[in-house]
Amino acid sequence: SVKRPTFENVMGVYNVMMSCVVRDMTGGEITLVDHVASLSLENERFVGREINDRGNYAEGSTATIEEEEEEDVDKKVPASRAFTPLTPLHEAAAASELPTLLTLLENIAIAEEEGGEEEDYLDIINSRAGEKEMTPLHYAAAATTTVTSTITASSSSTDTSMTPEKSAAAASCVTALLTQGHANPCIVDSHNRPPYFVAANDKIREAFRLARSTLGESYCSWDDVAKVGPALSMEDLQKKKQKEAEKKRKQRARQKAKKSKEKAEQKEMEEKKRLEEEKKQKEEDAKRIRHGLKPKKKTSGSSSGDNVCDFCQTVCKGKKRSQMFQRLEYVYCSTDCVRKHQRELMAAAATARMGGGA
């Protein structure tokens with residue numbers, strides 16, 4: 001999970017780091033430790049010879065190193081440790097194939113009824129295999145998409161993509177292993193991790209908590225060893241879903257109210273802008289009338305009529321306002337319009353003076 005860790009997850013990691021589990025070493029681990037010890041001893045012998053006979057060793061260092069390499073080859077130390085092969089139960093759990101997993105659990109239960117012992121049954125359910133020595137419950141919780149039937153998990157093909165259908169199938173496999181197979185959630189892998197710690201998402205972790213509620217507290221050490229969260233009943237899960245649904249509903253309502261408010265504010269701003277433009281246009285038309293001009297036309301290419309002659313209302317196509325004839329704050333299409341408007345303004349001024357004198 002790439003989300004922010006919860007307090008429960010942090011405390012789980014803290015408990016694992018502050019605890020220690022003592023167990024017997026496997027054959028592969030013993031072989032690896034012996035190999036590392038032999039390499040350390042060989043390194044000490046190599047350094048000691050160099051210090052005791054520095055001059056002679058330096059002269060024949062090439063030959064000596066080649067001889068030691070030949071000796072290492074003769075020892076035939078295994079290149080990699082051997083892993084326990086995956087069982088069909090491991091593969092079905094890793095692939096989240098619930099029908100196959102249920103069939104295998106049923107076959108194992110039938111074999112037990114026909115003469116097997118309960119210990120053998122549990123050994124199969126809780127067997128560790130693969131590179132990290134994980135149980136089927138580990139593989140079901142980790143929820144890798146595909147695992148090929150190979151002997152070692154290191155060569156298995158895995159795909160960690162997680163879809164809602166895949167997550168639900170993985171959670172069902174975890175539930176089946178715990179409630180029907182009676183798997184032990186306390187068994188750890190080679191990294192000292194219980195199955196709950198490798199759970200891929202919250203839905204799979206909820207499957208562990210639901211199983212804890214079903215199996216009861218006496219089933220295993222849920223808190224100290226299995227590190228599983230508090231028991232979760234179906235009623236608790238339903239309440240949790242209802243709470244999440246209510247939270248989403250309120251969030252959608254807030255978003256809807258916010259959009260409505262923004263839309264109303266935008267509409268109000270547009271109406272205010274329109275009224276201001278109308279007021280400005282009326283003032284401009286009134287001014288034009290006072291100066292003996294008609295209200296200015298509006299062209300389709302320009303909402304403000306910038307390329308329209310203020311006197312004759314002729315549209316000057318292909319011209320900008322700055323390219324037209326200008327006088328005072330008006331623009332004209334030709335010099336004739338400039339002179340005609342000038343005469344009208346002079347006549348209007350003279351009439352105003354005569355009327356004022358009377």
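These notes cover the cores, one helix and a surface patch of a predicted model.

1. Basis. In this predicted model local features need pLDDT of at least 70 and side-chain atom pairs count only at pLDDT 80 or more, while totals for chains, interfaces and linings use all residues. Residues are numbered from 1 along each chain as its sequence is written, and side-chain values use heavy atoms, without hydrogens and water.

2. Main core. The largest nonpolar core (buried Ala, Val, Leu, Ile, Met, Phe, Trp, Tyr and Cys residues joined through side-chain atoms within 4.5 Å; buried means under 20% relative accessible area, 1.4 Å probe, protein chains only) has 37 residues. Leu101, Val174, Leu177, Ile204 and Phe208 have the most contacts inside it. At least two core residues come from each of α5 (88-94), α6 (98-113), α7 (118-125), α8 (136-142), α9 (164-179) and α10 (202-215); helices are DSSP runs of H or I, at least four residues, numbered from the N terminus. The largest share, seven residues, is from α9.

3. Second core. Another core, apart from the main one, has seven residues, including Leu293, Tyr330, Cys337 and Val338.

4. Helix α10. Among its buried residues are Ile204, Arg205, Glu206 and Phe208. Their cover includes α8, α9 and α11 (234-290). Beyond four places in sequence, Ile204 touches (heavy atoms within 4.5 Å) Ala140, Ala141, Ala143, Ser167, Ala170, Ala171, Val174 and Ala199.

5. Surface. Phe7, Met11, Val13, Tyr14, Met17 and Met18 form a nonpolar patch (residues with over 30% relative accessible area and no salt bridge, nonpolar side chains Val, Leu, Ile, Met, Phe, Trp and Tyr joined within 5 Å; a salt bridge is a side-chain nitrogen of Lys or Arg within 4 Å of a carboxyl oxygen of Asp or Glu). Together they have about 710 Å² of accessible area, by the Shrake-Rupley method with a 1.4 Å probe, only the protein chains shown counting as cover. Tyr14 belongs to α1 (residues 7-17).

Notes: Patches are made of residues with over 30% relative accessible area and no salt bridge: like charges are joined within 9 Å, nonpolar side chains (Val, Leu, Ile, Met, Phe, Trp, Tyr) within 5 Å. Buried means under 20% relative accessible area, exposed over 50%, partly exposed in between (1.4 Å probe, protein chains only).
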